[in-house]
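Hi,

Here is the structure I promised to send over. Have a look, and then read my notes below.

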Amino acid sequence: MVSRAVGCSSHAVGVPDTGADSIAVAAEPESEPPSNGGGGRDQTVAIRRASPTDIAALVRVEAACFATDRVAARSFSRLVAAASADVLVRTVADAVIGYALVLYRDGTGVARLYSFAVAPAHRRRGHARALLAAAVDAAVKRRCRCVRLEVRVDNVESQALYAASGFRQIGRYRDYYEDHADALRFEKPLGPPPSAAATALLDAAAVHRCSTGLSAGGGRAAPWTA
Ligand SMILES: CC(C)(COP(=O)(O)OP(=O)(O)OC[C@H]1O[C@@H](n2cnc3c(N)ncnc32)[C@H](O)[C@@H]1OP(=O)(O)O)[C@@H](O)C(=O)NCCC(=O)NCCS
């Protein structure tokens, strides 16, 4: 287990509603390495919006990834239903193995990646990169002008991912975390918002991909194990 020392933020959540759009859903095959028991066989991976039935799995991911400042089950429940948040889950063979939590504040045009994690057993396979891209897509669909986040100064692996994904450092918060560590602030500009026509096309494509993913995934989610 790692400390929340590597978390995006330790601050409380709670922002006004902005109205919810649908989230693009992706499904693709993943080849599990033999060390994970997959023996090289393909397993369907996907990203979708979290539902109330995902809360227990989200809590398990949170417990496996953060020792302190965890997002509580009650908060996940509220956020999954909130119009001011996108909770996206990464699934492998229908089991939730990671998530990204994006918050929106009405009228600011700023999306905040509040938390972001992948279960230890599934790391270094590109799941975080995919979740980050989906979080950015969600912010684009909300017509945000940028995505911002905070990351511990010593969380160099996440910083490498952010830099490679178009984020740049815009500042630093001193004494930000419970243990007094500093946070670095990162931002990714999103450019001009898409036109209504482009948004409609994106929505149509998302519905198509969603249908494809559901039919390809098959079966009920397996029990999640850390
Ligand atoms: C950070 C975290 C989300 C990365 O998840 P992941 O699925 O293993 O990441 P990916 O496989 O998508 O890796 C994407 C990139 O991140 C960087 N990275 C991820 N893990 C790394 C590590 N252990 N060491 C160095 N770089 C790393 C690399 O640049 C990597 O690209 P590469 O594989 O081409 O080198 C995961 O380690 C985690 O949940 N950590 C605890 C919670 C946390 O820190 N959340 C982020 C808060 S801001």
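What follows is a short tour of one sheet region and the core.

Before you dig in: this is a predicted model, where local features need pLDDT of at least 70, side-chain atom pairs count only at pLDDT 80 or more, and totals for chains, interfaces and linings use all residues. Residues are numbered from 1 along each chain as its sequence is written.

Let's start with strand β5, residues 110–118 (helices, H or I of at least four residues, and strands, E of at least two, are DSSP runs numbered from the N terminus). In β5, 8 of 9 residues are buried, meaning 20 or more other C-beta atoms lie within 10 Å of a residue's own, with C-beta atoms placed from the backbone.

On one pairing, β5 runs antiparallel to β4 (residues 95–104) over 7 bridges; strands count as paired if DSSP finds at least two bridges between them. Gly98 sits opposite Val118 of β5. The β4–β5 hairpin has 5 residues between its strands, and Gly107 there has a positive phi near 85 degrees.

β5 also pairs in parallel with β6 (residues 146–152), through 3 bridges, and Val110 faces Cys146 of β6.

Now the largest nonpolar core (buried Ala, Val, Leu, Ile, Met, Phe, Trp, Tyr and Cys joined through C-beta atoms within 7 Å). It has 56 residues, and those touching the most other members include Leu88, Tyr99 and Val102. Helix α3 (residues 127–141) gives the most to this core, with 10 residues.

Cheers

Terms used:
Buried ≥ 20, exposed ≤ 12 C-beta atoms within 10 Å, placed from the backbone.
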